[in-house]
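Trainee: I would like to learn how to read a structural model with some care. Could you take me through one, feature by feature?

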Amino acid sequence: MGLLHGKLKLLLCAAAGIILCIGGWYLLYVNGYLLPGWIIWQEKEIVIPGNPGHLTGTLVLKNRRILYQRDGETVWQSDPSWKISDMEVCDLDHDGWPEVLALSWTQGDYGDYHPIYENPNMFFYTQRFYVFDLEETALKPQFMSSRLRPEAHAWQVSDTGEVSLTDKAGKTTVWVWKSWGMKIKE
Ligand SMILES: [Ca+2]
């Protein structure tokens, strides 16, 4: 009886240890602490050019979030579930107004909607490309990509609105805005 009791205790301790380990891993993962080590988490400040008639303000990328500041106050912050690794500002659609571009790590392969024929990953973080319009008190999402395949290990945004994404193998593709979203430049 004593031996059986001892074995049961050992089994319960082992089960509790496994549950704690899985719980710890889960908490670390969903909070973005176990993302790939090659990601460079940029921290920067961009002052939005104050051309006549345009909004002015400052964008701050810190602790994986974008803060939009105007007149010394933070008027908007990016969703904490988006882990932003970098941001840039450029006039992507050539309408004379700047947009905010961001590389984000977000859980799942898609946003709220996905193709009906797919059973996508909803849990694991994937890299996304986001475009925001600048409004008076917020950044309004204009384009939110699904999972980038392959992932961009580096990117460059030109003054003319071309976005170059370079994958792990060093291959670069150039993307431009086409009326409703991003397309590979032909
Ligand atoms: Ca624009």
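Mentor: We shall go from the whole chain to its sheets, its core and one loop residue.

Mentor: Two conventions come beforehand. This is a predicted model, in which local features need pLDDT of at least 70 and side-chain atom pairs count only at pLDDT 80 or more, while totals for chains, interfaces and linings use all residues. Residues are numbered from 1 along each chain as its sequence is written.

Trainee: Which domains does the protein chain have, and how far apart do their centres lie?

Mentor: Domain bounds come from an automatic or database domain assignment. Here the assignment gives domain 1 (1–34) and domain 2 (44–184), and the C-alpha centres of the two lie 40 Å apart.

Trainee: What radius of gyration does the protein chain have, set against a compact globule of 186 residues?

Mentor: The radius of gyration is taken over C-alpha atoms, and the globule rule is 2.2 Å times the number of residues to the power 0.38. A compact globule of 186 residues would come out near 16 Å, but the protein chain has 21 Å. Along its principal axes, the C-alpha trace spans about 85 × 40 × 30 Å.

Trainee: How many helices and strands are there, and in what order do they run?

Mentor: Helices (H or I, at least four residues) and strands (E, at least two) are DSSP runs, numbered from the N terminus. The protein chain has one helix and twelve strands, and from the N terminus on, the helix is followed by the strands.

Trainee: How should I read a sheet, and which strands form an open sheet with S1?

Mentor: Strands of a sheet pair through backbone hydrogen bonds, either parallel or antiparallel. Two strands count as paired if DSSP finds at least two bridges between them. One open sheet has four strands in the order S1-S2-S3-S4, with antiparallel pairing. S1 and strand S4 (73–77) stand at its edges with a single partner strand each, so one side of each is left without a neighbour in the sheet. The twist averages 25 degrees from one strand to the next, where axes are lines fitted to C-alpha atoms, for helices over the stretch in contact, and angles run from 0 to 180 degrees between N-to-C directions. Within this sheet, five bridges join S2 to S3, and Leu61 has Ile66 in S3 as its bridge partner.

Trainee: Which strands make up the open sheet that includes S12?

Mentor: That open sheet also has four strands, in the order S9-S10-S11-S12, and its pairing is antiparallel. Its edge strands are S9 (154–157) and S12 (181–184), each of which pairs on one side only. Neighbouring strands are turned by 30 degrees against each other on average, direction ignored. S10 and S11 pair over four bridges, with Val163 opposite Trp175 in S11, and they form a hairpin with five residues between them, where Gly170 in the turn has a positive phi of about 95 degrees. Four bridges likewise join S11 (residues 172–178) to S12, with Trp177 opposite Met182 in S12; this hairpin has two residues between its strands, and Ser179 in the turn has a positive phi of about 50 degrees.

Trainee: What share of the residues is buried, and which strand gives the most to the largest nonpolar core?

Mentor: A residue is buried if 20 or more other C-beta atoms lie within 10 Å of its own, exposed if 12 or fewer, and partly exposed in between, with C-beta atoms placed from the backbone. Buried residues make up 18% of the 186 residues. A nonpolar core is a set of buried Ala, Val, Leu, Ile, Met, Phe, Trp, Tyr and Cys residues joined through C-beta atoms within 7 Å. The largest has 22 residues, and those touching the most other members include Leu59, Met87 and Val100. S7 gives the most to this core, with five residues.

Trainee: Where is Leu55, and which residues is Leu55 in contact with?

Mentor: Leu55 lies in the loop between strand S1 (44–48) and strand S2 (57–62). Leu55 counts as partly exposed because 16 C-beta neighbours lie inside 10 Å. Two residues are in contact if their C-beta atoms, placed from the backbone, lie within 7 Å; leaving aside neighbours within four places in sequence, Leu55 is in contact with Ile48, Leu134 and Glu136.
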